[in-house]
Amino acid sequence: MSDKTSQLKAFERLLHIMDELREQCPWDKKQTMESLRHLTIEEVYELGDAILDNDLDEVKKELGDVLLHIVFYSKIGSETNNFDIADVCNSICDKLINRHPHIYGDVKVENEEDVKRNWEQLKLKEGKKSVLEGVPKSLPAMVKASRIQDKVAGVGFDWDEPEQVFEKVEEELAELKAEIAKGDQDAIESEFGDVMFSMINYARFLKVNPENALERTNKKFIRRFQYLEAKAKDLDKSLKDMTLTEMDVFWEEAKLL
């Protein structure tokens with residue numbers, strides 16, 4: 001691992017390259033914050049994939065892509081005299097110091113939960129009207145639900161025991177079943193959402209990240225289905241011409257793998 005001097009030199013190198021690209025490259029010159037936004041979101045998802053795959057070499061590369069975007073936005077901000085990379089760094093440094101009074105002040109904490117509660121209370125003191133203001137509107141629904149529950153739990157709006165949360169899951173499932181029996185599609189969708197929300201909350205009590213858990217299942221399903229496709233190809237058969245019983249044989253083989 002490199003020392004602090006080498007790290008700062010590498011970051012300075014990136015800043016110089018960004019300056020040159022912004023001045024000389026036709027593509028880089030025309031970019032705006034708005035044009036970069038969807039690319040940034042894509043890069044963050046690619047980083048997430050690399051983390052879930054535990055591909056550390058790819059994590060390193062994707063972190064570089066995300067860092068480039070941070071530097072890019074900062075460069076654009078400096079051109080309009082709104083902010084530059086120093087402002088970005090100092091802003092997050094100030095925030096970290098202010099929100100860690102147990103490190104940089106005289107506040108005492110016992111555990112991680114105390115830190116999270118203090119964090120949310122400090123944000124309200126900074127002028128936020130709601131603890132939910134920090135939840136981005138454009139987050140995917142599952143991630144948003146998880147963040148909402150984390151934040152309200154931080155100010156004490158929470159269940160005491162996991163068993164209570166599972167009882168809520170069962171209650172929501174019963175309500176969904178009742179609406180399915182009635183056949184009201186709008187009510188079914190509403191109750192289905194309640195089931196998912198309660199399951200995501202239960203995942204928090206189990207210390208399971210619901211997004212990671214579902215993506216893990218996605219990857220597992222893809223792997224098994226592609227095994228099934230390969231076996232069908234070996235038999236020179238189309239999946240749509242196979243019975244479920246025939247497909248299930250290969251599916252069970254895939255599970256063993």
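**Close-up views of salt bridges, a helix pair and a surface patch**

**View 1. Asp-53, Glu-215 and Lys-219 are joined in a network of salt bridges.** The model shown here and in the other views is predicted. Within the network, the side chains of Lys-219 and Asp-53 form a salt bridge with an N to O distance of 3.1 Å. Lys-219 belongs to helix α11 (residues 210-234) and Asp-53 to the loop between α3 and α4, so this salt bridge ties together parts of the chain that are 166 residues apart in sequence. Lys-219 has a relative accessible area of 27% and is therefore partly exposed. Asp-53 is also partly exposed, at 45% relative accessibility.

**View 2. Helices α3 and α4 pack with their axes 9 Å apart.** Helix α3 covers residues 33-52, and helix α4 covers residues 56-79. The angle between the two helices is about 160°. Because this angle is over 145 degrees, α3 is roughly antiparallel to α4. Their crossing is left-handed.

**View 3. Leu-67, Ile-70 and Val-88 make a nonpolar surface patch.** The area of the patch is about 200 Å². Leu-67 is a residue of helix α4. With a relative accessibility of 33%, Leu-67 is classed as partly exposed.

**View 4. A salt bridge connects Arg-204 with Asp-158.** The closest N and O atoms of the two residues are 2.7 Å apart. Arg-204 is in helix α10 (residues 185-205), while Asp-158 is in the loop between α8 (141-153) and α9 (162-182). The two residues are 46 residues apart, and their salt bridge links distant parts of the chain. Asp-158 is partly exposed, its relative accessible area being 34%.

**View 5. Lys-255 and Glu-252 form a salt bridge inside helix α12.** The N to O distance between their side chains is 3.5 Å. Both residues lie in α12 (residues 244-256) and are separated by 3 residues, about one turn of the helix. Lys-255 is partly exposed at 40% relative accessibility, and Glu-252 is partly exposed with a relative accessible area of 36%. Across the whole structure, a search finds 13 salt bridges; those shown in close-up include Lys-219 with Asp-53, Arg-204 with Asp-158 and Lys-255 with Glu-252.

Note on methods
Residues numbered from 1 in each chain as written. Predicted model: local features only at pLDDT ≥ 70, side-chain atom pairs only at ≥ 80, totals over all residues. Heavy atoms only, no water. Patch = residues over 30% accessible without salt bridge, like charges linked within 9 Å, V, L, I, M, F, W, Y side chains within 5 Å. Areas by Shrake-Rupley, 256 points an atom, 1.4 Å probe, with all protein chains shown as cover. Salt bridge = Lys/Arg side-chain N within 4 Å of Asp/Glu carboxyl O. Helix = DSSP H or I, 4+ residues; strand = E, 2+ residues; numbered from the N terminus. Buried < 20%, exposed > 50% of the residue type's maximum accessible area, 1.4 Å probe, protein only. Axes fitted to C-alpha atoms, helices over the stretch in contact; angles between N-to-C directions. Parallel < 35°, antiparallel > 145°, perpendicular 65-115°, else oblique. Left-handed = near helix turned anticlockwise from the far one by under 90°.
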